[in-house]
Amino acid sequence: MDAIYCPACGAANPLEAAVCESCGEDLAAVKSVIDTANTHYNEALALAHSGKLDEAIGQLEAALALSAQNAHYHNLLGTIYARKGLFSEAIRAWERCVALDPEAEKAYQNIEKARRMEEDVVEEQRKRPFLLTSIAACVIAAFLLFSTVYFASRAYFKGKLVNDLSTQLTNANLELTKWKSNALTLETRFPAGGIDALSNKIVELQTLAEARKQQNEQTNASWTANMQKKNEEIASLQNQIKELTSSNQDLTTKNQSINQLQGVINSKNTDIKRLQTMLTQRDEELKTANSLAESHRISLVTSQATINALKQERERAIATLRDENDKTVAGLRSSILEQRDEIAKLERRAADMQYADGLAVEALKNYENNNFSLALTNTENALTRVGDHAACFYLRDKIQLVLNDPLEQEIRRKELAERELKRQKEKETLVKDNLQTARNYLKQGSYDKAIQMSERTLALLPQEDKNKEELNRIKQQSEEKKREILAMLLEAKTNIANDDKKQAELTLKIILKQSPDCQEAKDLLQQISQ
């Protein structure tokens, strides 16, 4: 596996990544599962090198239960099945490897080799005695059924544990998303730019308030100086009024000057009142600005305290979730180790049972061949490995009864000799009948049946049998005739394609004369007649 896939978003991440590069999901649990699968794979590789193929298959089944998308696991499984002679299973494993990794050229080559070897094995098995093949097939089928049920149940429980772990990780991610949403909601209550923007705005307002305060102070100083100047002017005018009062001659002029000065004073008083009103307005604006700044400062302090509390609570929640996840992962690792020990015990038990089953089969063969002592030794060796093997118990007791009864031994030996003699006679009769049937098929033009009958009869004969030469001759003549008919069929099809139906009809009639059972020639002749 060249990447780690996030269980939350499905994104591919490098093998060394601790968290998902797409969503930030913690990948520790996934990496732990992958490491466990790789451990099973390495153990399977070591067992395969040491020749323990069945135990290696068990380890690979455990690895595939945790990581079924790894092409290397399927490739090794196909190799082990091929070494065991299970070419169909090997082909299926390599096909899954190619489906996961289309660039695995070695897997394509292995599939082709396995198919050729499977065809050879099928051909070889077809020539073996049917009784032994049936017994071996029953034993292998029973073992495969047991292995399939066992590993399927184990894969189910391990898959269930992985699903539970994935569910807990998903719940933790949902809780973390909830805290992130709370933090984002809090940030949206502030102006654009967040707390920093609010702080900058408060600083600007404070600067503006200071500037207005300085401006008011300058204005007050300016108006104070003007008032002092005006007061000095009023004092000067009052002195002039006293001088005019003392001087009767200048009374009218002084009165006019006083009236004029009074108008100026009234104008200056109006200006003073207007400036005082402006100063009062500036003071109120300054108070409002100070009040707003204080309100923003209190809001900022409250917000910072709330944010700190939320951060602390989020950190506590994350720490709690991490502790729970660590405990869960530790528990799962412990459970996996216990299951691995249990699997090892069951695999040893399965190996012992396989060994005992093989010895039981050998004991049965020896018993049927009247090799009673050797059969008894086989059952005792099997019971040494598997003390509760029921079949071996039964065979041992049965063999012991025969060993304790010399008369039974002689009767069985006599029956075996008579049965073998009877088989030999039936074999000679069957070979004779089959040979005559093959001759008749050849004369009748049923070349496929002649070939099949010859091959079936040849499988019954020993190497030096005198009938083998004639059967090989019949088979060879049938194959030659079959090739001639195929050539004539091809010629007839060519004639039909060239619209030379007369020549095609003549050729097909020749074929049917030589081989009346040729269905393809009959069909072509019917097609021409239509």
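A residue is called buried when its relative accessible area is under 20%, exposed when that area is over 50%, and partly exposed in between (1.4 Å probe, protein chains only). Lys468 has 16% relative accessibility, so it counts as buried. This lysine lies in helix 13, where helices (H or I, at least four residues) and strands (E, at least two) are DSSP runs numbered from the N terminus. Setting aside residues up to four places away in sequence, Lys468 touches Leu458, Leu461, Pro462 and Gln463; a contact here means heavy atoms within 4.5 Å.

A word on the model itself. It is a predicted one, in which local features need pLDDT of at least 70 and side-chain atom pairs count only at pLDDT 80 or more, while totals for chains, interfaces and linings use all residues. Residues are numbered from 1 along each chain as its sequence is written, and side-chain values use heavy atoms, with hydrogens and water left out.

Stepping back to the whole protein chain, there are 15 helices and two strands to find. Of the 530 residues in the chain, 27% are buried. If we take contacts between residues at least 6 apart in sequence, 54% of them join residues at least 24 apart.

Now for the N-terminal part. Lys31 sits in helix 1 (residues 28-49). With a relative accessible area of 25%, Lys31 comes out as partly exposed. Its C-alpha atom is 9.3 Å from that of Glu16, and the two residues are 15 apart along the chain.

Helix 2 (residues 53-66) makes a nice check with a ruler. The expected span of a helix is 1.5 Å times one less than its number of residues. The 14 residues of helix 2 should therefore span 20 Å, and the C-alpha atoms at its ends are indeed 20 Å apart. Helix 2 is also mostly covered, with ten of its 14 residues buried. Among them are Leu53, Ala56, Ile57, Leu60, Ala63 and Leu64. As a bit of background, an α-helix has 3.6 residues a turn, so residues three or four places apart point the same way.

In helix 4 (residues 87-100) the residue to look at is Cys97. Its relative accessibility is 3%, so Cys97 counts as buried. Apart from neighbours within four places in sequence, Cys97 is in contact with Ala71, His74, Asn75, Ala104 and Ala107. The C-alpha atoms of Cys97 and Leu76 are separated by 9.4 Å, with their positions 21 residues apart along the chain.

Two loops hold residues with an unusual backbone angle. Most residues other than glycine have a negative phi. Asn370, which is not a glycine, has a positive phi of about 70°. This asparagine lies in the loop between helix 8 (251-368) and helix 9 (372-385), and it is buried, with a relative accessible area of 9%. Asp499 is another residue other than glycine with a positive phi, near 65°. It belongs to the loop between helix 13 (467-497) and helix 14 (501-514). Asp499 is exposed, at a relative accessible area of 59%.

Finally, two helix pairs. Axes are lines fitted to C-alpha atoms, for helices over the stretch in contact, and angles run from 0 to 180 degrees between N-to-C directions. Helix 9 and helix 10 (residues 390-403) pack at about 150°, with their axes 9 Å apart. That makes helix 9 roughly antiparallel to helix 10; angles over 145 degrees count as roughly antiparallel, under 35 as roughly parallel, 65 to 115 as roughly perpendicular and the rest as oblique. The contact residues of this pair divide into eleven nonpolar, three polar and two charged. In that count, Ala, Val, Leu, Ile, Met, Phe, Trp, Tyr, Cys and Pro are nonpolar, Asp, Glu, Lys and Arg are charged, and the others, Gly among them, are polar. Residues of helix 9 in the contact include Phe372, Leu376 and Leu383, and those of helix 10 include Phe393, Ile399 and Leu403.

The axes of helix 11 (residues 406-444) and helix 12 (residues 447-458) come within 8 Å and cross at roughly 160°. Helix 11 and helix 12 are therefore roughly antiparallel to each other. Seven nonpolar, four polar and one charged residue form the contact between helix 11 and helix 12. Among them, Val431, Ala438 and Tyr441 come from helix 11, and Tyr447, Ala450 and Met453 from helix 12.
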